[in-house]
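I opened the notebook to look up empty space, charge pairs and a few single residues. The entries follow in the order I made them.

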Amino acid sequence: MNLPNYFLADLPPEATLSPAMIAEACQTLKRNREHYLQNRKTESLIRVLSDVADGWLEAENPFRKLALECGTAQTGFSRETLARGLDNFFKQLTRENFHALLVQEFGDAKRFDSLVATAAEQKQNRAAIVSAPELQIHICAGSIPNPALTSIVFGLLTRSAQFVKCASGASFLPRLFAHSVYEADGKLGACLEIAEWRGGNAALESALFAEADCVTATGSDETLDKIRQQLALKTKFLGYGHRVSFGFVAGEVLYGSRAKKIVAAAAGDVVAWNQLGCLSPHVIYIQLGGEILPEHFAQLLAEELEKREQTEPRGELPPEHAAAIASRRGIYEVRAAHSPESTRHWCSKDSTAWTVVYEADPRFQLSCLNRFIYVKGVADLKTALESADSVRGKISTVGIAAPEEKINEIASQLARWGATRVCPLGQMQNPPLTWRHDGRPVLGDLVTWTDLEM
Amino acid sequence: MPSGCRGKPAANKHRMNTELSSFASRLRGSIESGFSNESFEAMALELFALQFKHNAVFRKICEARGLTPKIIEHWTRIPFMPASAFKEFELTSLPPNERTAVFHSSGTTEQKPSRHFHNAESLAVYEASLLKWFEQNCGLPIADCGLVILTPPPGQARNSSLVHMFEIVRQKFGAPQNVFVGKTSTDGVWTLDFDATLAMFADNPKSAICNPKLVLGTAFSFVHLLDFLAENNLRFQLPENSRVMETGGYKNRSRSMPKSDLHALISERLGVPRENIICEYGMSELSSQAYEVRSQKSEVRSQNEDGAFQFPPWARVQVVSPETGREVADGETGLIRIFDLANVFSVAAVQTEDFGIRRGDGFELVGRAQLAEARGCSLMTA
């Protein structure tokens, strides 16, 4: 790879990071932010970010090319999976969407630039401005790049300097994105740092946390708890814990060509980022009573996943992940042979590329992911929710396929139950820029308001 | 499980036991008199046919895969059962009233354990198998050494195949019951009686010839012992030729450590040189065990390099790719699959969740796989 040696993650693998290097990097970031970012206008930031995103959508863009050429070796995702995932992400970064986001969060897109007032505020003779932390630190886990990329984008939009700490082996795409920002606008790039090390390195992390005004982190509850304990009281902490998602298909839409489209949509959600995101479904609930029975749906889904494997292969897995799939398949094979009326399974031949398990038992099952999906039949949404009680409060997204007139009712039911995002099946891994992660404000948690009363 | 007959066995069950019993008795004889490698293939196919006939759960999976005795011509093609199936199904051809013992896999209490059922005949095969291979691998003439066993005695661990194995070894040694220096606490945890252990180690008559010791235990029992010795600043120099046999796996019962560190500490604290530390690989779902055989050229290999585990000739191993299920090439890593003829009354072909590197007809153990959760922001590891 031919990238300038600019970020810590660009250092050769044998280079060892020291706490002093981390502290120095944070000091530099803060200085650069003061000079280059603190007073940038929102419009100018939006322009840079949307231009960078447009670039990533062009086939000849060098960063995109590098991502697709070296991405499989670096991330394990196939070229096609990467291309689709990156396209879906960068398509969201448009001027319109940035404006919509700022209006959603702050009532006015210029809220960072000056004291402004919405119509309601004007009536009350009020105005307000927001400011963001000087240095944000992002602790990113997992292998899908979206959380890290989103954090970087939001951090720049809010004018914070940022230190992005990636999990070991997961810095490739955030690093490329940071380089693309640096190339588009060196001053903005100078307010970013990307590094990677295996989580739990106390010396590096305490040096890092000592500098932070705000820490965002994704990870297990245990990881989040450990991070939180290391932070000073004044440091803002936004932790995003484990979440899982599922799909629900109403019986009324399971007929003819519509059913076919729904199957394709479900397959899209299983294939996207190899199902590794917290927005990816573990289970797809099929309401009984439609033209297509749940086990038939499972079979159609298996056929569709096989087709997708030809056009968007899953890619190779580390042996322990393949073993997790092989082991689960083993037990479902025995169950299916023993009681085929309540368990059936479909598997890719000579590989672990995809697996569909149909179970009559509607209890929610955590998938081992990497395109391993459960299909379960339920009488109605109420039964599905009762069956998913074990993950209540841990659900991010519910992807639904239902008659239009029922969508509000279903979404209300899901909201009361605790789901924080309801979207069409097929779009589970494509949240809009304005998506409220875990039901929380997108940018609202990052900023501090200053109110002016006149 | 109470022994003895409850109710009258059905006629077909009687026939079943005759066929399998006859196989078991032949196998036992063959193990005791020196198993011939040439007989493996035929016996494997014969056992497959019997298990297909008499083990309903197994038959169903064979039929589902379309693999029946009529079409299978080589032992490597015989359908395997995942070890995890022992948790959910009664993978046995012994009717409930004939089962006199059941061995459970160890694991956390929340999980259902594997269950491997036995009766007197199947235990007899198990015992013949374990003794023969143990004697060949423990490296000591059994009559000449003092045994110390770091597990609870059988009375406190009725469902442990490992403890049963050690008990059979103890009986063979003619050693008293008190060589078991472990105990089971009220919450089911295995601990060590340190006083009793130390007394055993110190029990060296001051005569000119000291009997070597043979210390048997799990990796975690050795960690408990070594921690205790370190805390109390104690070191032993066990008599020359003493041996330590450890069986892997920590199962969260102690802190875990790399094998080379464990062996270094054992050498340091017990005075047993590394070459006299033997590793065993076994599981409740099997009836034979593998021992680590160091290369002939062990003196020129680095000390940390592991040897290959070998099963006895009546059990064979395949290392298979988790991706394709096919055997990997020599030197490659995969999941360990075992065909154990001594599993007469359960199923012979067992797919484990353990990773190994294929080394000839043996394997180097990579780990008792804690199957990785997929890495993503859904289920993550930092």
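Which residues are linked with R335(A) in a network of salt bridges? I found E359(A), K376(A) and E88(B) linked with R335(A) in that network. I note that this is a predicted model.

**Entry: salt bridges**

I searched the whole structure and got 36 salt bridges over all chains. I then looked up three pairs.

I took E60(A) and K65(A) to begin with. Their side chains meet in a salt bridge, 3.3 Å from N to O. E60(A) is exposed, because its relative accessible area is 60%. K65(A) has 32% relative accessibility, so I logged K65(A) as partly exposed.

Next I looked at E167(B) and R170(B). The N to O distance in this salt bridge is 2.8 Å. Both residues lie in helix α6 of chain B, residues 161-173. They are three residues apart, about one turn of the helix. Are these two buried or exposed? E167(B) has 9% relative accessibility and so counts as buried. R170(B) is at 11% and counts as buried too.

Then I took R358(B) and E327(B). Their side chains form a salt bridge at 3.8 Å, N to O. The pair links distant parts of the chain, with the two positions 31 residues apart in numbering. R358(B) sits in strand β14 of chain B, and E327(B) in the loop between β12 and β13 of chain B. R358(B) is partly exposed, with a relative accessible area of 23%. E327(B), at 37%, is also partly exposed.

**Entry: a buried Asp without a partner**

I looked up D269(A), which lies in helix α12 of chain A, residues 256-271. D269(A) is buried yet has no salt bridge. The nearest side chain of opposite charge is R84(A), 6.9 Å away. A salt bridge needs nitrogen and oxygen within 4 Å, so this pair does not count as one. Beyond four places in sequence, D269(A) touches several residues, including S280(A), P281(A), L425(A) and Q429(A).

**Entry: S284(B)**

I found S284(B) in the loop between β9 (277-281) and β10 (290-293) of chain B. Its relative accessible area is 5%, under the 20% cut-off, so S284(B) is buried. What does S284(B) contact beyond four places in sequence? I listed F103(B), H104(B), S105(B), S114(B), H116(B) and S161(B). The C-alpha atoms of S284(B) and F117(B) are 9.7 Å apart, although 167 residues separate them along the chain.

**Entry: cavities**

How many cavities of 30 Å³ or more does the structure hold? I got four. The largest has a volume of about 700 Å³. Of the 41 residues lining the largest cavity, N146(A), P147(A), T150(A), W435(A) and H437(A) are the closest to its centre. Helix α7(A) gives the largest share of that lining, seven residues. By class I logged 22 nonpolar, 17 polar and two charged residues there.

The second largest cavity holds about 70 Å³ of space. Its lining includes C140(A), I144(A), C166(A) and P174(A). I found ten nonpolar residues, one polar and no charged ones in this lining.

**Entry: second largest pocket**

I looked up the second largest pocket, with a volume of about 1,100 Å³. R65(B), F80(B), T324(B), G325(B) and R337(B) are the closest to its centre among 41 lining residues. Elements of both chains give two or more residues, among them β9 of chain A and β13 of chain B. The largest share, six residues, comes from α14(A). The lining divides into 16 nonpolar, 14 polar and eleven charged residues.

Key: Residues are numbered from 1 along each chain as its sequence is written. Chains are lettered from A and ligands numbered from 1 in the order in which they are written. This is a predicted model: local features need pLDDT of at least 70, side-chain atom pairs count only at pLDDT 80 or more; totals for chains, interfaces and linings use all residues. Side-chain values use heavy atoms; hydrogens and water are left out. Helices (H or I, at least four residues) and strands (E, at least two) are DSSP runs, numbered from the N terminus. Buried means under 20% relative accessible area, exposed over 50%, partly exposed in between (1.4 Å probe, protein chains only). Lys and Arg count as positive and Asp and Glu as negative; His and the chain ends are not counted. Contact means heavy atoms within 4.5 Å. On a 1 Å grid over the protein atoms alone, a cavity is a set of points where a 1.4 Å probe fits but cannot get out, and a pocket is an open set with protein on both sides within 12 Å along at least five of seven lines; lining residues have an atom within 4 Å of a point. Grid points are joined across faces, edges and corners, and a volume is the space filled by probe spheres set on the points. Ala, Val, Leu, Ile, Met, Phe, Trp, Tyr, Cys and Pro count as nonpolar, Asp, Glu, Lys and Arg as charged, and the others, Gly among them, as polar.
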